[in-house]
Amino acid sequence: MDKLPLEQARFLLSAHTLAQLPPAGVPEIAFAGRSNVGKSSLINRLLGRKGLVQASSRPGKTRCLNFFALADSAYFVDLPGYGYAQVSLAERRHWGEVVAAYVEKRSTLVAVVVICDLRHELKRHDFELVAWLRHIGRPYIVVYTKADKLGRSQQERHAAILDAGLNIGREERILFSAQTGQGRDALLAQVQARLAAALQ
Ligand SMILES: Nc1nc2c(ncn2[C@@H]2O[C@H](COP(=O)(O)OP(=O)(O)OP(=O)(O)O)[C@@H](O)[C@H]2O)c(=O)[nH]1
Ligand SMILES: [Mg+2]
């Protein structure tokens with residue numbers, strides 16, 4: 001694949017159920033992480049489009065699978081955040097089921113970007129997500145975001161703790177900031193490589 005047509009990204013649709021997913025066609029990259037971790041902001045930064053994906057200070061804002069089409073080349077999928085307590089249990093279970101079925105079964109999903117907050121300890125859900133992705137054999141890319149909130153030496157210290165928690169090496173994750181753009185090129189390169197491999 002040539003360069004990703006980022007400038008041609010547009011909102012495609014929101015899916016609340018599996019029946020509402022777009023037909024599986026182009027390769028997809030999904031973005032997962034706790035509520036408020038910065039998923040939507042990260043996608044905006046990747047696309048270089050400030051307001052395309054709705055980011056919010058209110059956790060639990062993204063309540064469905066939001067599909068963004070990069071021309072006819074790829075989809076980016078903003079997944080609902082997990083672990084936000086103020087959502088009703090029934091609703092949480094429903095999302096969980098839809099998201100899990102999507103991640104497990106979607107034939108065109110080439111990788112899940114797992115987003116953690118560089119400043120915070122990993123929560124049970126983070127461990128569970130990575131363990132489950134390994135278990136089902138779904139490729140993933142680990143990103144530690146909000147790096148701008150820490151100084152450089154603290155970034156490395158915190159990252160090493162998270163690496164140990166997820167049992168990954170430092171070359172297996174990317175430090176990122178939606179605010180400064182740190183890590184954007186590295187993440188884009190990985191995303192592009194996964195998409196290109198899928199198209200061969
Ligand atoms: N300083 C800083 N703030 C960030 C960064 N990324 C996101 N934020 C802020 O964190 C808050 C949540 O960001 P969102 O992108 O809406 O997070 P989300 O994971 O999509 O949230 P939900 O959709 O509710 O699960 C917003 O106030 C963002 O401005 C970052 O890299 N640095
Ligand atoms: Mg969001």
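Biologist: Which residues of β4 are buried on one side of the strand, and which on the other?

Modeller: In a regular strand the side chains alternate between the two faces of the sheet. In this predicted model, A74, F76 and D78 lie on one side of β4 and Y75 and V77 on the other, and all of them are buried. Strand β4 covers residues 74-78, and 5 of its 5 residues count as buried.

Biologist: Which strands pair with β4, and in what sense, parallel or antiparallel?

Modeller: Strands of a sheet pair through backbone hydrogen bonds, either parallel or antiparallel. Here β4 shows both cases, for β2 (residues 28-33) runs parallel to β4 and is joined to it by 4 bridges, whereas β3 (residues 65-70) pairs with β4 in the antiparallel sense over 5 bridges. To find these pairings on the screen, you can start from I29, whose bridge partner in β4 is F76, and then turn to N66, whose partner in β4 is D78. The hairpin of β3 and β4 has 3 residues between the strands, and A71 takes a positive phi near 45° there.

Biologist: In what order do the strands stand in the sheet, and which of them are at the edges?

Modeller: The 7 strands form an open sheet with mixed pairing, in the order β1-β3-β4-β2-β5-β6-β7. At the edges stand β1 (9-15) and β7 (173-175), each of which has a single partner strand, so one side of each is left without a neighbour in the sheet. On average, and with direction ignored, neighbouring strands of this sheet are turned by 25° against each other. Along the chain the arrangement reads otherwise, since from the N terminus on the elements run β-β-α-β-β-α-β-α-β-α-β-α.

Biologist: How is the edge strand β7 attached to β6?

Modeller: Strands β6 and β7 pair in the parallel sense over 3 bridges, and V143 stands opposite I174 in β7. Helix α5 (residues 184-198) packs on the sheet, where it touches β2, β4, β5, β6 and β7, and its direction makes about 160° with that of β5.

Biologist: Turning to a helix, which residues of α3 are buried and which are exposed?

Modeller: For a helix, one can look down the axis and ask where the buried residues point. In α3, D126, L129 and V130 are buried, and seen down the axis the buried residues of α3 fall within an arc of 90°, so they line one face of the helix. On the other side of α3, R124, E128, A131, H135 and I136 are exposed. The cover over the buried residues of α3 includes β2, β5 (109-117), β6 (140-145) and α4 (152-166), and α3 itself lies across β2, β5 and β6, running at about 160° to β5.

Biologist: What span should α3 have, and how far apart are its end C-alpha atoms?

Modeller: At 1.5 Å a residue, the 13 residues of α3 (residues 124-136) should span 18 Å, and the end C-alpha atoms are 18 Å apart, which agrees. Just after α3, G137 takes a positive phi of about 75°.

Biologist: How should I read a residue such as Y102, which is found in helix α2?

Modeller: A residue counts as buried if 20 or more other C-beta atoms lie within 10 Å of its own; Y102 has 18, and is therefore partly exposed. Leaving aside neighbours within four places in sequence, Y102 is in contact with L18, L21 and L65.

Note on methods: Residues numbered from 1 in each chain as written. Chains lettered and ligands numbered in written order. Predicted model: local features only at pLDDT ≥ 70, side-chain atom pairs only at ≥ 80, totals over all residues. Helix = DSSP H or I, 4+ residues; strand = E, 2+ residues; numbered from the N terminus. Buried ≥ 20, exposed ≤ 12 C-beta atoms within 10 Å, placed from the backbone. Pairing = 2+ DSSP bridges. Expected span 1.5 Å × (residues − 1). Arc of directions from axis to C-beta. Contact = placed C-beta atoms within 7 Å. Axes fitted to C-alpha atoms, helices over the stretch in contact; angles between N-to-C directions.
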